[in-house]
Amino acid sequence: MGVQTLASSIRKIMANRTSGTVTQRGFVSGSQVLVKGTWYSFVAAVDVDISDGDVVWVVLNDTRTKAVVVGK
């Protein structure tokens, strides 16, 4: 994924939010992250090494279809 695509994804998520951003903990497995019992595909908003088994901080988009990793 290119930087422009990532920036565009973050802009869309931030533009569509209707309430305050809620940061949640998630568990990484492959190309998905588990947050409160639900699996989401994810993108990283920060330059951090993410691997299977990591616990990360994520923000979900308004439609709850994608997670953005914002920290580790």
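**Exercise 1. Find the residue with a positive phi in the hairpin of S2 and S3, and describe the pairing of these strands.**

Solution.
Step 1. Start at the turn of this predicted model. Two residues stand between strands S2 and S3 in the hairpin. Lys36 has the positive phi there, near 50°.
Step 2. Set the strand limits. S2 covers residues 32-35, and S3 covers residues 38-44.
Step 3. Read the pairing. S2 and S3 run antiparallel and are joined by four bridges. One residue pair to locate is Val33 with its bridge partner in S3, Tyr40.

**Exercise 2. Determine in which sense S3 pairs with S5, and name the bridge partner of Val43.**

Solution.
Step 1. Locate S5 at residues 66-71.
Step 2. Follow the bridges. Four of them link S3 and S5, and the sense is parallel.
Step 3. Pick the residue. Val43 has Val68 in S5 as its bridge partner.
Step 4. Put the two pairings of S3 together. S3 is antiparallel to S2 and parallel to S5.

**Exercise 3. Write out the order of elements in the chain, and say where confidence is lowest and where it is highest.**

Solution.
Step 1. Count the elements. The chain has one helix and five strands.
Step 2. Order them from the N terminus: α-β-β-β-β-β.
Step 3. Check confidence over the chain. The mean pLDDT is 85, and 89% of the residues reach 70 or more.
Step 4. Go to the extremes. Helix H1, residues 3-16, is lowest with a mean of 76. Strand S2 is highest, at 96.
Step 5. Keep a caution in mind. Predicted coordinates should not be read in detail where pLDDT is low.

**Exercise 4. Classify Val28 and Phe27 as buried, partly exposed or exposed, and describe their surroundings.**

Solution.
Step 1. Place both residues. Phe27 is in strand S1, residues 23-29. Val28 lies in S1 too.
Step 2. Apply the cut-offs: buried is under 20% relative accessible area, exposed is over 50%, and partly exposed is in between. Val28 has 1% relative accessibility, so Val28 is buried. Phe27 has 37%, so Phe27 is partly exposed.
Step 3. List what surrounds Val28. Beyond four places in sequence, its contacts include Val33, Phe42, Ile50 and Val56. Val28 and Val56 are 28 residues apart in sequence, with their C-alpha atoms 7.3 Å apart.
Step 4. Turn to the surface. Phe27 joins Trp39 and Val55 in a nonpolar patch. Together they have about 280 Å² of accessible area.

**Exercise 5. Decide whether the loop residues Asp54 and Asn61 are buried or exposed, and list their contacts.**

Solution.
Step 1. Place the residues. Asp54 sits in the loop between S3 and S4. Asn61 sits in the loop between S4 and S5.
Step 2. Read the areas. Asp54 has a relative accessible area of 14%, so Asp54 is buried. Asn61 has 14%, so Asn61 is buried.
Step 3. List contacts more than four places away in sequence. Asp54 touches Gly26, Phe27, Val28, Asp49 and Lys72. Asn61 touches Ile13 and Lys66.
Step 4. Look at the pair Asn61 and Ile13. They are 48 residues apart along the chain, yet their C-alpha atoms are separated by 5.3 Å.
Step 5. Widen to the whole chain. Of its 72 residues, 29% are buried. Among contacts with a separation of 6 or more, 50% join residues 24 or more positions apart.

Key: Residues numbered from 1 in each chain as written. Predicted model: local features only at pLDDT ≥ 70, side-chain atom pairs only at ≥ 80, totals over all residues. Heavy atoms only, no water. Patch = residues over 30% accessible without salt bridge, like charges linked within 9 Å, V, L, I, M, F, W, Y side chains within 5 Å. Areas by Shrake-Rupley, 256 points an atom, 1.4 Å probe, with all protein chains shown as cover. Salt bridge = Lys/Arg side-chain N within 4 Å of Asp/Glu carboxyl O. Buried < 20%, exposed > 50% of the residue type's maximum accessible area, 1.4 Å probe, protein only. pLDDT = per-residue confidence, 0-100. Pairing = 2+ DSSP bridges. Contact = heavy atoms within 4.5 Å.
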